[in-house]
Amino acid sequence: MMRSYKVEAEQLAADFGARDVADLVAEANALRVAGHGETITYSRKVFVPLTKLCRDTCRYCTFAQSPREGQRAYLTVDEAVAIAAAGRDAGCREALLTLGDQPELRWQQARDELDAMGFATTLEYLGHVAAEIRQQTGLLPHLNPGLMSDADFAALRPVSPSMGIMLEGIAPRLAERGGPHFGCPDKEPARRLETIAAAGRARVPFTSGLLIGIGESRAERVEALLELRALNREYDHLQEIIIQPFRAKADTKMADAAEPDDDELLWTLAVTRILFGADANIQSPPNLAPAMLEAMVEAGINDLGGISPVTLDHVNPEAPWPEITSLARRLAETGRTLAERLTIYPAYARRAGDWVDPKLAGAVLAAIDGQGRPREDDWLTGQSTHIPAWAEKRTPLLAASDPVQSAIRRAETGEELREAEIASLFAARGDDFHAVCAAADRMRAELVGDDVTYVITRNINYTNLCTHGCGFCAFSKGRVSEETREAPYNLSAEVVRSRVAEAWARGGTEVCMQGGIHPSYTGETYLGIVAAAKAAAPDIHVHAFSPLEITSGARSLGASVEDYLRELKAAGLASLPGTAAEVLDDEVRAVICADKLTTDEWLDVVRTAHRVGIPTTSTIMFGHVDRYDHWARHLLRLRALQCETGGLTEFVPLPFVASEAPIYRKGRARRGPTFRESVLMHAVARLSFGALLPNIQTSWVKMGLAGGQYCLGAGANDFGGTLMNESITRSAGASHGQEMTVETFERAIVEIGRTPRQRTTLYGSVDHLRREGQLESQTV
């Protein structure tokens, strides 16, 4: 239903009209930078014109056609899929399905073809084609089908994560005789606004906007923008606003009509940005004003829309798409970065569980990184053995952006980085990425030198039975467990002793012991595990029990955490792994591990351990439902703890391994962090912690050998442990193995020009007799 913004619009148009265009542009540009920085996005799409028949007769349109003898009214499914497949092969991620409005209501040919194919309406056939494109090509469809009802959105939402309809204009007079919309029932503004409202009710990320220069006044443009703003305030679903300038086309009734001049386009863009604010996505097609790219960005746009490397713009066939590399180069010359997005914008993609039908939400989440943008490559945590080609370049070609340079300078002087700064470093791409990694590597060299350390350890996961149901865990078994790889087990004390003894005999200096929260375990159970380990090898370092296990053990005995930790220390516990931290932000924990410790509870256990003289490691398990600001808070909370206690020995990034994790298999999590994000976690941690926490470990089980080597050049200084019998990561779907030999470790370290050094758990030197025994055991 149309609201009445006429009076307000006239006043605003007068106010805006009284200002210089340059003044409006400056205000709009400041808002754009505040909301989006200097990143300009686009979607790599393939254009699928399902039908060019239309019941409307817009006076400026060359897309709509009348039936022609010998030509089908609709693309067949095979034809549509073939077009989409060509786009996929050219790197497209979006299939834009565009069509005329309800042609079956006007053309007998449309009705006949739909009947022959078994469909009642064009929209029903559209849903079928979109589903086939999705299934056969993997592309995400975006639908522009015209007017839609609540029922239409309900039917199409399962096959398309985003849709759109241009409002175009608000003035009913444009549909009068002689006007551009005469004889166009689907261009009635009230009906189009109702479609946009229906999209909001259906929670569909939606695209709309204006076609300017077809006879409307500035006040009518502003009125249309106010209508759209009101709907967005009600439903929060308008993912972008498009401002499209009219372009006169030959063989149309408006072939001789005047086009809006450059200032008129810039005025409208700037007003749109000012009315919608800093965070809105404002778009204008670059092929319709190719010489004005930089000016349009200055006027407030942050997106260039869909650009196709394989198909023409069927709506504006006279205006070829610009080359993506050319756009990127032009933007770079003005200090801006061109970045790809999906058809669904990042803010909505990150919240796919709220905004996308369950049948598609998993596919959207699997396609994005923590920022909601497309994954750059096919690298997967725990599985990939290669380094993505883009990452092989180690140094920036150009200077990093000003915000990144500023954050690096502050880190290098030892200042504590702010949350927003840390989050922005996680968003580093291209030259910014390489600059962050190089700065982290310089800091690593200054703080700990060129040695790469590792520890000879054995993992003993004594039980996989667990009363908790963490969504990310494929290791635990029990009454709350999901689909998993292995049968439940519970190792006896004798098996624990045997494995510890074997580790010592093979030259190990540490045994790392953790397990699920077994329903029958008490605090005495954990004391018994320590006793078994020390009985088998009195001098071995017992590194055991997550803060969750400590809390569970203490509670079972009615003891305080502090008293229980003192008892474990007396029994021989030497340090705690800082696991079960996941992400230290309760917004994330409520989703992935709601029944585990809260952030404050985890920090309290670790703080208490430090107080009683038990050092701990620290970790983050990331890349699932979390965001960059969550990662920043995690690092800052660990930094604050280290400032307080000094008891953290190292920081270990643990990228999420998705393939067997229940939360991923249910379509509620991303596919793990990207390679870029995984490397940056090491680099940004180095810059965030500085000298406070000098040891950053990279997990070869998660990153692979090559990925681990890369991280050693991006701030990490430790390669972790040899990990005899590692099973938690393997249960989640990793394939990098259960053990790494010392020879392999040292060869990998030497290959990157660094010096290998075996260490103890607490980063001390290893007795040469233990080292010799370890090396001998590997040759037996």
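Which residue in S5 is the bridge partner of Met163? In the predicted model examined here, that position is taken by Phe206. The pairing belongs to a parallel arrangement in which S4 and S5 are joined by 2 bridges. Strand S5 covers residues 206–212, and 7 of its 7 residues are buried, so the strand is largely enclosed by the rest of the structure.

Strand S4, the partner of S5, spans residues 162–164 and includes Ser162. With a relative accessibility of 0%, Ser162 counts as buried, because the limit for that class is under 20%. Two polar contacts of the Ser162 side chain may be described. One is made with the side chain of His142, at 2.7 Å. Another is made with the side chain of Thr343, also at 2.7 Å. When neighbours within four places in sequence are left aside, the residues in contact with Ser162 are Pro141, His142, Leu143, Val204, Pro205, Gln239, Thr343 and Ile344.

A further sheet is formed by 3 strands. This sheet is open, its strand order is S17-S10-S18, and its pairing is parallel. Strand S17 (718–721) and strand S18 (755–758) lie at the edges, each pairing on one side only. From one strand to the next, the twist averages 20°. Strand S10, made up of residues 451–455, is connected to S17 by 2 bridges, and these two strands run parallel. Within this pair, Asp718 in S17 stands opposite Thr453. The sheet is also contacted by a helix: H27, residues 700–712, packs on it and touches both S10 and S17. The direction of H27 makes about 160° with that of S17.

Nonpolar residues in the interior are grouped into cores. The largest nonpolar core contains 114 residues, of which Val436, Met513, Phe545 and Phe651 touch the most other members. Helix H26 (residues 675–689) gives the most to this core, contributing 9 residues. Another core, of 94 residues, lies apart from it and has Leu53, Ala80, Met292 and Leu331 among its members.

Charged side chains were examined next. The structure holds 54 salt bridges. One of them is formed by Arg229 and Glu8, whose closest N and O atoms are 4.0 Å apart. This pair links distant parts of the chain, since Arg229 belongs to helix H8 (residues 218–235) and Glu8 to helix H1 (residues 6–17), with their positions 221 residues apart in the sense of being 221 residues apart. The two partners fall into separate accessibility classes: Arg229, at 15% relative accessibility, counts as buried, whereas Glu8, at 36%, counts as partly exposed.

Arg633 takes part in salt bridges with Glu419 and with Asp585. In the pair with Glu419, the closest N and O atoms are 3.2 Å apart. Glu419 lies in helix H16 (residues 419–426) and Arg633 in helix H24 (residues 628–645), so that distant parts of the chain, 214 residues apart, are linked. Glu419 counts as partly exposed, at 30% relative accessibility. In the pair with Asp585, the closest N and O atoms are 2.8 Å apart. Asp585 lies in the loop between strand S14 (573–575) and helix H22 (586–592), while Arg633 lies in helix H24, so this salt bridge ties together parts that are 48 residues apart in sequence. Both Asp585 and Arg633 are buried. Through shared partners, salt bridges join Glu419, Asp585, Glu587, Arg627, Asp629, Arg633 and Arg637 into one network.

Backbone geometry was considered at two loop residues. Asp251, a residue other than glycine, has a positive phi value, near 65°. Asp251 is located in the loop between strand S6 (238–245) and helix H9 (262–276). Its relative accessible area is 84%, and Asp251 is therefore exposed, the limit for that class being over 50%. Tyr763 likewise has a positive phi, near 70°, in a residue other than glycine. Tyr763 is found in the loop between S18 and helix H30 (768–777). At 14% relative accessibility, Tyr763 counts as buried.

Terms used:
Residues numbered from 1 in each chain as written. Predicted model: local features only at pLDDT ≥ 70, side-chain atom pairs only at ≥ 80, totals over all residues. Heavy atoms only, no water. Pairing = 2+ DSSP bridges. Helix = DSSP H or I, 4+ residues; strand = E, 2+ residues; numbered from the N terminus. Axes fitted to C-alpha atoms, helices over the stretch in contact; angles between N-to-C directions. Contact = heavy atoms within 4.5 Å. Buried < 20%, exposed > 50% of the residue type's maximum accessible area, 1.4 Å probe, protein only. Polar contact = N/O pair within 3.5 Å; in protein donor to acceptor, adjacent residues only side chain to side chain. Core = buried A, V, L, I, M, F, W, Y, C linked by side-chain atoms within 4.5 Å.
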